[in-house]
Amino acid sequence: MRLDAIDRRILAELQRDGRMTNQALAERVGLSPTPCLRRVRILEEAGVIRSYVAVVDQKAVDLPVSVFISIKLERQREEDLDRFAAAVARWPEVMECYLMTGQRDYLLRVVCADLPAYERFLKDKLTKHDGLASIESSFALTQVKHTNVLPIG
């Protein structure tokens with residue numbers, strides 16, 4: 001789907017406030033409400049807008065610890081990659097998982113309440129997965145920036 005300037009303005013506005021009314025959105029992007037709603041529906045149907053969510057502060061829900069974990073698999077065959085990705089998809093502590101280039105195969109961001117909770121995740125889930133060659137954990141001290149707003153321009 002090709003996005004024009006109005007589509008991009010709609011996306012930029014919805015990223016800032018996904019709960020705004022269609023009337024308010026239409027005013028901000030310079031459309032009347034009906035064509036604005038039609039464009040939003042097209043963006044949703046095309047999968048450009050995947051979902052609407054509430055962004056929750058992880059500290060407010062007692063999950064203040066973020067851990068970045070680099071994973072190296074013993075083998076990088078497709079079935080091994082798929083098996084690891086399927087396991088990660090079942091672990092709610094994993095907020096993000098990326099298949100990487102370079103020395104490590106995966107980079108995960110895990111959230112937990114404290115060090116004992118991370119140790120439980122490590123022992124009960126991660127290290128029980130067959131085929132891991134190495135696990136390296138790095139603890140975030142301070143979050144300098146976090147955004148869900150893509151620079152659509």
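## Helices α1 and α2

Helix α1 passes helix α2 in a right-handed crossing. This description concerns a predicted model. Helix α1 covers residues 5-16 and helix α2 covers residues 22-29. The two helices pack at an angle of about 130°, and their axes are 10 Å apart. Angles that are not under 35 degrees, over 145 or from 65 to 115 count as oblique, and α1 and α2 are therefore oblique to each other.

On the side of α1, the residues that meet α2 are Arg 9, Ile 10, Glu 13 and Leu 14. On the side of α2, their counterparts are Leu 25, Arg 28 and Val 29. The residues of this contact between α1 and α2 comprise 4 nonpolar and 3 charged ones, with no polar residue.

## Helices α1 and α3

Helix α1 also packs with helix α3, at an angle of about 80° and with the axes 11 Å apart. Since angles of 65 to 115 degrees count as roughly perpendicular, α1 is roughly perpendicular to α3. From α1, the contact involves Ile 6, Asp 7, Ile 10, Leu 11 and Leu 14. From α3, it involves Cys 36, Arg 39, Val 40 and Leu 43. In the contact of α1 with α3, 7 residues are nonpolar, 2 are charged and none is polar.

Two residues of α1 take part in both contacts. Ile 10 and Leu 14 meet residues of α2, and Ile 10 and Leu 14 likewise belong to the contact with α3.

## The chain as a whole

The protein chain contains 5 helices and 4 strands. Along the sequence, these elements follow the pattern α-α-α-β-α-β-β-α-β.

The C-alpha atoms of the chain fill a box of roughly 55 × 35 × 25 Å along the principal axes. The radius of gyration of the chain is 20 Å, whereas a compact globule of 153 residues would have a value near 15 Å. Of the 153 residues, 27% count as buried. Among the contacts in the chain with a separation of 6 or more, 64% are between residues 24 or more positions apart.

## The loop between α3 and β1

Helix α3 (33-45) and strand β1 (65-73) are joined by a loop in which Asp 62 is found. Asp 62 has a positive phi of about 60°, although it is not a glycine. Most residues other than glycine have a negative phi. Asp 62 has a relative accessible area of 56% and is exposed, because the cut-off for that term is over 50%.

Lys 59 also has its place in the loop between α3 and β1. Lys 59 is exposed, and its relative accessible area is 60%. Lys 59 and Arg 41 are 18 residues apart in sequence, and their C-alpha atoms are 34 Å apart in space.

## Ser 70 in strand β1

Beyond this loop, strand β1 spans residues 65-73, and Ser 70 lies in this strand. Ser 70 has a relative accessible area of 19% and is buried, because that term applies under 20%.

Leaving aside residues up to four places away in sequence, Ser 70 touches Arg 104, Tyr 106 and Leu 107, as well as Ser 134, Ile 135 and Glu 136. Ser 70 is thus described as buried, whereas Asp 62 in the preceding loop is exposed.

Conventions: Residues numbered from 1 in each chain as written. Predicted model: local features only at pLDDT ≥ 70, side-chain atom pairs only at ≥ 80, totals over all residues. Heavy atoms only, no water. Buried < 20%, exposed > 50% of the residue type's maximum accessible area, 1.4 Å probe, protein only. Axes fitted to C-alpha atoms, helices over the stretch in contact; angles between N-to-C directions. Left-handed = near helix turned anticlockwise from the far one by under 90°. Contact = heavy atoms within 4.5 Å. Nonpolar A, V, L, I, M, F, W, Y, C, P; charged D, E, K, R; others polar. Rg over C-alpha atoms; globule rule 2.2 N^0.38 Å.
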